[in-house]
Amino acid sequence: KLFRFRDAEWKERGLGDAKLLRHRSTGKVRFILRQEKTQKVVANHCVVDHAPYCDLQPNAGSEKCWVWSAQDCSDGNREIEKLALKFASVELAEKFQKEFDNAKRMNSSLPDFMEAVLKAEAVP
C-alpha cells in the first residue's frame with residue numbers, strides 16, 4: 001500500500017505491486033506502482049542516489065514500512081513527494097530495501113545519469 005504526505009497527513013495513494021523497472025536501452029531504473037484495479041500509475045520516479053531523494057527511512061514504529069522523498073511524475077508533472085510504502089511482511093520490506101539500494105547503485109554507475117538528475121532538479 002502506497003501513501004503520500006499531503007496537507008500535513010499521510011493519505012493513501014494506492015494499492016498494488018511496487019516495481020523497479022530497468023529501461024532496456026538506457027539501463028535507468030525507476031520505481032513505479034500501478035493501482036491494482038484500475039492500473040492507474042500512482043507513483044513513477046527515477047531511483048537516484050542524491051540526497052534528499054530516495055533515502056529509505058523506516059517509518060516510525062513499523063518494520064514493514066519505508067518512507068522516502070522523490071521527484072514523482074505520476075500526475076503528469078514532476079513534483080517532490082514524500083512517499084511511504086507499507087508491505088505485508090517484514091521479509092518483503094527488507095527485500096525491497098535491498099533491491100531499491102541496488103537500483104540506486106546501478107543508476108549512479110550510468111554515464112551522465114547524475115548530471116541529468118542535477119539538471120532536472122534545477123528546472124522549476
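**A first walk through the model**

1. A good place to begin is Asp 72, which belongs to strand S7, a stretch covering residues 65-72. Please keep in mind as you look around that this is a predicted model.

2. Asp 72 is worth a pause. Its side chain is charged, and Asp 72 is buried, yet no salt bridge is found for this residue. Which side chain of opposite charge is nearest to Asp 72? That is Arg 13, at 5.0 Å. A salt bridge requires the side-chain nitrogen and the carboxyl oxygen to be within 4 Å, so the 5.0 Å between Asp 72 and Arg 13 does not qualify.

3. Asp 72 does have a polar partner: its side chain makes a polar contact of 2.5 Å with the side chain of Ser 74. If you set aside the neighbours within four places in sequence, the residues in contact with Asp 72 include Val 42, Ala 43, Asn 44 and His 45. Asn 77, Arg 78, Glu 79 and Glu 81 are also among its contacts.

4. Now follow the chain onward from S7. Strands S7 and S8 pair in the antiparallel sense, with eight bridges between them. One pair to look for is Trp 66 with its bridge partner in S8, Leu 85. The hairpin of S7 and S8 has six residues between the strands, and there Gly 76 adopts a positive phi near 100°.

5. S8 (residues 79-86) also pairs with S1 (residues 2-6), in the antiparallel sense and over three bridges. Here you can find Phe 3 standing opposite Ala 84 of S8.

6. Next, some backbone details to check by eye. Most residues other than glycine have a negative phi, and most peptide bonds are trans. Against that background, the peptide bond from Ala 51 to Pro 52 is cis, with omega near 5°. Pro 52 sits in the loop between strand S5 (41-46) and strand S6 (57-58).

7. Asp 7 has a positive phi, near 50°, although it is not glycine. You will find Asp 7 in the loop that lies between S1 and strand S2 (9-14). Is Asp 7 buried or exposed? Asp 7 is exposed, with a relative accessible area of 64%.

8. Gln 39 is another residue other than glycine with a positive phi, in this case near 65°. Its place is the loop between strand S4 (29-34) and S5. Gln 39 counts as partly exposed, at 44% relative accessibility.

Key. Residues are numbered from 1 along each chain as its sequence is written. This is a predicted model: local features need pLDDT of at least 70, side-chain atom pairs count only at pLDDT 80 or more; totals for chains, interfaces and linings use all residues. Side-chain values use heavy atoms; hydrogens and water are left out. Helices (H or I, at least four residues) and strands (E, at least two) are DSSP runs, numbered from the N terminus. Buried means under 20% relative accessible area, exposed over 50%, partly exposed in between (1.4 Å probe, protein chains only). Lys and Arg count as positive and Asp and Glu as negative; His and the chain ends are not counted. A polar contact is a pair of N or O atoms within 3.5 Å; within protein, one must be able to donate a hydrogen and the other to accept it, and residues adjacent in sequence count only if both atoms are side-chain atoms. Contact means heavy atoms within 4.5 Å. Two strands pair if DSSP finds at least two bridges between them.
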